[in-house]
Amino acid sequence: MEQYAIKGGNPLVGEVEIGGAKNAALAILAAAIMTDETVVIENVPDVRDTNVLIQAMESIGVIVNRIDRHTVKINASHIHNLVIEDDFIKKIRASYYLLGALLGKYKKAEVALPGGCNIGLRPIDQHIKGFRALGADVRIEHGLIITDAEDLRGSNIYLDVVSVGATINVMMAAVMAEGKTTIENAAKEPHVVDLANFLNSMGADVKGAGTDVIRIKGVPKLHGSEYTIIPDQIEAGTFMFAAAVTRGDVTVKNVIPKHLESISSKLLEIGCEVEESDDAVRVVSAKALTHTHVKTLPYPGFPTDMQPQIVVALGLSAGTSIVTESIFENRFKYVDELTRMGANIKVEGNTAIIDGVERYTGASISAPDLRAGASLVLAGLAAEGVTVVDDIRFIERGYEDFHLKLKALGAQIDKVNTERELQKFKLKVG
Ligand SMILES: CC(=O)N[C@H]1[C@@H](OP(=O)(O)OP(=O)(O)OC[C@H]2O[C@@H](n3ccc(=O)[nH]c3=O)[C@H](O)[C@@H]2O)O[C@H](CO)[C@@H](O)[C@@H]1O
Ligand SMILES: C=C(OP(=O)(O)O)C(=O)O
């Protein structure tokens, strides 16, 4: 089983290029099947989740050509099947975007219930509420979400919780519905805006994305497009925190600094310097880190997908910090692993009370999910001695070349596959 072997202690220094946003790419790839014309999408991250989604699209007859590692050409004029139930698709969250896309285009779809990170219950009632409001019948049978409609008609939909997935799914189902749709209490995340921009580039009429009211006028059909996906806010944030915890000096390049504001603010609060330019942010961690309080919130609040990264940093900060996870009920599972490395953190319900320690010490640990896994790697980079992180397949769901990018910044990290390779790494790093 592949693992990351890490020898901590090196400050990360240099520049790192951020890739396309995984969560935008997943929505946009799914939406690309809503036209029979060819679509070219650039800046698609080469990560497991996007590759699984592409594989599922191919399984129903979508032709996907890779022009280069990050550019795909999609033609969905020969879809022959509206049922998607292979085992892989059950593992990712965004499989359900194919439901909104197929329902919007063909008025019918059957897709396996979604997976994704095991961080809470993750119900899909708001997606179902939205589809039903547009006139679709929706039922769950044999592990599949089955939806069909004679006609989709625009509607006013108020989301009871701010949900990225439901906002995206309802938007896709509504763009070719007859008449006007309003999504109230919509999510405002950058990837919601990116999807709306992409749909508009295909001829849709979506207004208000990025605010909490999205207005959609149905159009009869969508056409081909060429589109570039926005940079990944969370990949960028992860490298910014890698600089913070290793006392480094890292410039994350190819980013939209506005999307990183909540992350930059917290880094400033804990004692880092943050310099913004047009499409880059530099983080310098020269002083001892200090404590702060954090509550995860929908955008523009502090992202839940950055919660484990900031906990790793606060675990090394002087004083007591309180982190409240307000989006998912069970996103502190990694704290047990961090405790093995010497962290002093007590979890009470959705709150972590963190008493900073002077250092972490290397240990053998497992990645419980994507962001927690990446954050445990950051802990390993800051720790004294060698850390071995198992289950790195979770990390590879959302980070392209994670260890190679860290290595280029001066980290001592290798991917190892056998005990022998691990011993070799240990000998190499001394
Ligand atoms: C593939 C993707 O883009 N994943 C992101 C997406 O997940 P995802 O789209 O699953 O997250 P949501 O925004 O939908 O979830 C937010 C909250 O709403 C609840 N909820 C959601 C839908 C629903 O029908 N009913 C309901 O109660 C969820 O349980 C959660 O408590 O947004 C999350 C919140 O920013 C991120 O952590 C994930 O990385
Ligand atoms: C939780 C995440 O992804 P997913 O919703 O796909 O599980 C994430 O990207 O951090």
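**A four-stranded sheet and a helix pair**

In strand S17, Val284 has Glu273 standing opposite. This pairing belongs to a predicted model, and it offers a way into the sheet of which S17 is a part. Helix H7, residues 233–245, packs on that sheet and touches S2, S15 and S17. The direction of H7 makes about 170° with that of S15.

The sheet itself is open and consists of 4 strands in the order S2-S15-S17-S16, with mixed pairing. Strand S2 (13–17) and strand S16 are at the edges; each has a single partner strand, so one side of each lacks a neighbour in the sheet. From one strand to the next, the twist averages 15°.

Strands of a sheet pair through backbone hydrogen bonds, in either a parallel or an antiparallel sense. Strand S17 spans residues 280–284, and its pairing may be followed on each side in turn. Towards S16, which comprises residues 273–276, the pairing is antiparallel and extends over 4 bridges. S16 and S17 form a hairpin, with 3 residues between the two strands. Within this pair, Glu275 stands opposite Arg282 of S17, and Glu273 stands opposite Val284, as noted at the outset. Towards S15, residues 249–253, S17 again runs antiparallel, and 5 bridges join the two strands. Here Lys253 stands opposite Ala280 of S17.

Which side chains of S17 are buried, and which are not? The side chains alternate along the strand. Val281 and Val283 point to one face and are buried. Ala280, Arg282 and Val284 point to the other face and are not buried. Thus Arg282, which has Glu275 opposite, is among the residues of S17 that are not buried.

A further element of the structure is a pair of helices. Two packed helices are described by the angle between their axes and by the distance between those axes. Helix H1 (residues 22–31) and helix H6 (residues 190–201) pack at an angle of about 25°, and their axes are 9 Å apart. Angles under 35 degrees count as roughly parallel, and H1 and H6 are therefore roughly parallel to each other. Their crossing is right-handed. On the H1 side, the contact is made by Asn23, Ala24, Ala27, Ile28 and Ala31; on the H6 side, by His191, Asp194, Leu195, Phe198 and Leu199. The residues of this contact comprise 7 nonpolar, 2 polar and 1 charged.

Notes
Residues are numbered from 1 along each chain as its sequence is written. Chains are lettered from A and ligands numbered from 1 in the order in which they are written. This is a predicted model: local features need pLDDT of at least 70, side-chain atom pairs count only at pLDDT 80 or more; totals for chains, interfaces and linings use all residues. Axes are lines fitted to C-alpha atoms, for helices over the stretch in contact, and angles run from 0 to 180 degrees between N-to-C directions. Angles under 35 degrees count as roughly parallel, over 145 as roughly antiparallel, 65 to 115 as roughly perpendicular and the rest as oblique. A crossing is left-handed if the near helix is turned anticlockwise from the far one by less than a right angle, and right-handed if clockwise. Two residues are in contact if their C-beta atoms, placed from the backbone, lie within 7 Å. Ala, Val, Leu, Ile, Met, Phe, Trp, Tyr, Cys and Pro count as nonpolar, Asp, Glu, Lys and Arg as charged, and the others, Gly among them, as polar. A residue is buried if 20 or more other C-beta atoms lie within 10 Å of its own, exposed if 12 or fewer, and partly exposed in between; C-beta atoms are placed from the backbone. Two strands pair if DSSP finds at least two bridges between them.
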